[in-house]
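Trainee: Please take a close look at one part for me. I would like to go through a single helix contact and then the aromatic pairs.

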Amino acid sequence: MIVITAPTGNIGRPLLSRLLESAPAAGEQLRVIVRDPARLPDAARGRVEVVTGSHGDAEVLDRAFAGADAVFWLVPPDASLAPYDGFSGFTRPAVKALAAHGVGHVVGVSALGRGTPLADRAGLVTASLAMDDLIAGSGVAYRALANPSFFENLLEESDSIRDQGVFTDVVDADRKAPLVATADIAAVAAGLLLDRSWTGIGDVPVLGPEDLSPNDLSRIMTAQLGRPVRYERRPLDELFTTLVGYGLNEAFVQGIVDMKRAKDEGLDAGVARTPDTASPTGFAQWCARTLKPAVLA
């Protein structure tokens with residue numbers, strides 16, 4: 001039995017799709033924890049066991065983890081909480097439930113940066129790494145998917161790209177860093193959940209096929225969209241003021257700012273890309289398949 005949290009999100013949805021295809025042949029049953037079962041894909045109906053509720057709720061977890069062999073764990077961002085509360089606070093009931101039900105394996109969504117000089121001052125990333133330590137301390141076999149920023153973050157800027165030909169961030173325009181498609185993260189998670197021969201704890205970096213700078217992204221988007229797209233760098237203090245103005249928790253916003261600052265200082269550069277850490281989806285391919293339809297909609 002594999003339990004999937006956040007099965008309707010950017011990573012959980014393609015993960016569920018993959019497991020619906022491959023789990024039956026492997027003799028695996030699937031169970032999902034979801035707030036709104038209506039959001040599940042049609043292909044899942046009647047083929048997965050559904051536990052309705054939040055996976056931050058101890059009673060929900062008690063039902064969901066009963067008889068489970070493996071869990072996919074993803075903490076949804078909560079802009080109303082400070083980062084530590086949002087990650088470790090949310091996860092603490094799960095750690096108790098994992099132990100109570102003897103769950104053997106957990107695959108979690110985390111971040112790059114462990115072991116770097118920036119790891120303890122990287123905001124949301126620091127909180128994510130602390131969550132990994134919390135889960136690892138429960139006694140389960142644990143693999144943290146150590147991810148850089150996602151291609152999908154650019155979907156939040158599809159209106160600006162369409163209307164103004166601009167996307168923004170706070171990093172240097174020439175700062176190259178790994179980027180990854182969420183579908184590739186889902187593919188790695190599926191492999192780990194189905195083949196549970198691994199033991200102990202460890203990170204599994206998922207780095208995409210190449211490092212890219214904002215200027216590289218601009219060039220590739222211009223080619224794929226057939227219209228000029230340029231990058232504008234925003235000051236960190238402007239980002240803070242804007243997000244607080246939206247009503248987000250100030251500590252959460254500071255976590256975003258600290259994470260962005262750390263990334264601009266090389267947080268994601270601590271792991272070498274190898275055949276084992278690279279993932280296949282290139283940015284041009286993702287633009288054609290995902291960003292272009294969103295921008296041209």
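Mentor: Here is the helix contact, followed by the aromatic pairs. The model is predicted, so local features need pLDDT of at least 70, side-chain atom pairs count only at pLDDT 80 or more, and totals for chains, interfaces and linings use all residues. Residues are numbered from 1 along each chain as its sequence is written, and side-chain values use heavy atoms, with hydrogens and water left out.

Start with helix α1 (residues 12-22) and helix α6 (residues 182-194). They pack at an angle of about 40°, and their axes are 8 Å apart. Axes are lines fitted to C-alpha atoms, for helices over the stretch in contact, and angles run from 0 to 180 degrees between N-to-C directions. Helices are DSSP runs of H or I, at least four residues; strands are runs of E, at least two. That angle makes α1 oblique to α6. Angles under 35 degrees count as roughly parallel, over 145 as roughly antiparallel, 65 to 115 as roughly perpendicular and the rest as oblique. On the α1 side, P14, L15, R18, L19 and S22 make the contact (heavy atoms within 4.5 Å). On the α6 side, the residues include A183, A186 and L193.

Now the rings. The whole structure holds 5 aromatic pairs. One of them is F167 with Y231, tilted, at 5.2 Å centre to centre and 45° between the planes. Rings of Phe, Tyr and Trp (its six-membered ring) pair if their centres lie within 6.5 Å; planes under 30 degrees apart count as stacked, over 60 as edge-to-face and the rest as tilted. F167 lies in strand β8 (residues 166-169) and Y231 in strand β12 (residues 230-233), so the pair ties together parts 64 residues apart in sequence.
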